[in-house]
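Please open the model in a viewer and keep the selection tool at hand. The tour proceeds by selecting a few residues at a time.

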Amino acid sequence: MKKITTDLLIEQAIVARKNSYSPYSKFKVGAALLSKSGNVFVGTNVESSSYGLTVCAERNAIASGIVAGEKEFESLVVISSEGVSPCGACRQVIYDICGNIDVILVNGEGKIINTITARELLPYPFSSNNLTTKNTKKI
Ligand code: THU
């Protein structure tokens, strides 16, 4: 299996970011998600004129991995001008679907600003563990 380095993930996220559809915010984000099987899935932010329908780069990369049948993930690179952290909605989806992966935040020059775990990004998480029969049965 080909070894996918962080540098390669960053390169792919840079390419994805170039395709950002962000005419409203003009804020371009790219993401590259590495699966445990060694495949890379990219995403970019896709905005809507109905602003709330916008989908972030991270969630598009995760959806792409899921569509391809991947079940387990290793790390996620997110690139934006200043290397910002994922929004709250993405933190929930990253933790739900990818578990406690490394999230690598990269700035517009391709420099790593921070590496943080999904669990650190989402303290006191809501997760599938909370959807037990005990918690969901009719009262
Ligand atoms: N955005 C992302 O794609 N990922 C983030 O982590 C933060 C925000 C997008 C959503 C929107 O298109 C633009 O950046 C400004 O919020």
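Begin by selecting Asp-102 and Thr-117: Asp-102 stands opposite Thr-117, which belongs to β5. Please bear in mind throughout that this is a predicted model.

Next, display β4 together with β5, the strand of residues 112–117. The two strands run antiparallel and are joined by five bridges. Five residues lie between the strands of this hairpin, where Gly-110 adopts a positive phi near 85°.

Now select Leu-76. Which residues is Leu-76 in contact with, leaving aside its neighbours within four places in sequence? They are Ala-31, Ala-32, Leu-33, Glu-58, Ile-94, Ile-101, Asp-102, Val-103 and Ile-104. Asp-102, the starting point of the tour, thus appears again in this list.

Extend the selection to the largest nonpolar core, which has 22 residues. Leu-33, Leu-76, Val-78, Ile-94, Cys-98, Ile-101 and Val-103 have the most contacts inside this core. The elements giving two or more residues to the core are β1 (30–35), α2 (57–67), β3 (73–79), α3 (88–98), β4 (102–106) and α4 (118–121). Of these, α3 contributes the most, with four residues. In soluble globular proteins, nonpolar side chains tend to be buried together.

A second core, separate from this one, has ten residues; Ile-4, Ala-13, Ala-32 and Val-77 are among them.

Finally, select Phe-27, Val-29, Asn-45, Cys-56 and Glu-58, which lie nearest the centre of the largest pocket. This pocket has a volume of about 180 Å³ and is lined by 14 residues. By class, eight lining residues are nonpolar, four are polar and two are charged.

How values were computed. Residues are numbered from 1 along each chain as its sequence is written. This is a predicted model: local features need pLDDT of at least 70, side-chain atom pairs count only at pLDDT 80 or more; totals for chains, interfaces and linings use all residues. Side-chain values use heavy atoms; hydrogens and water are left out. On a 1 Å grid over the protein atoms alone, a cavity is a set of points where a 1.4 Å probe fits but cannot get out, and a pocket is an open set with protein on both sides within 12 Å along at least five of seven lines; lining residues have an atom within 4 Å of a point. Grid points are joined across faces, edges and corners, and a volume is the space filled by probe spheres set on the points. Ala, Val, Leu, Ile, Met, Phe, Trp, Tyr, Cys and Pro count as nonpolar, Asp, Glu, Lys and Arg as charged, and the others, Gly among them, as polar. A nonpolar core is a set of buried Ala, Val, Leu, Ile, Met, Phe, Trp, Tyr and Cys residues joined through side-chain atoms within 4.5 Å. Buried means under 20% relative accessible area, exposed over 50%, partly exposed in between (1.4 Å probe, protein chains only). Contact means heavy atoms within 4.5 Å. Two strands pair if DSSP finds at least two bridges between them.
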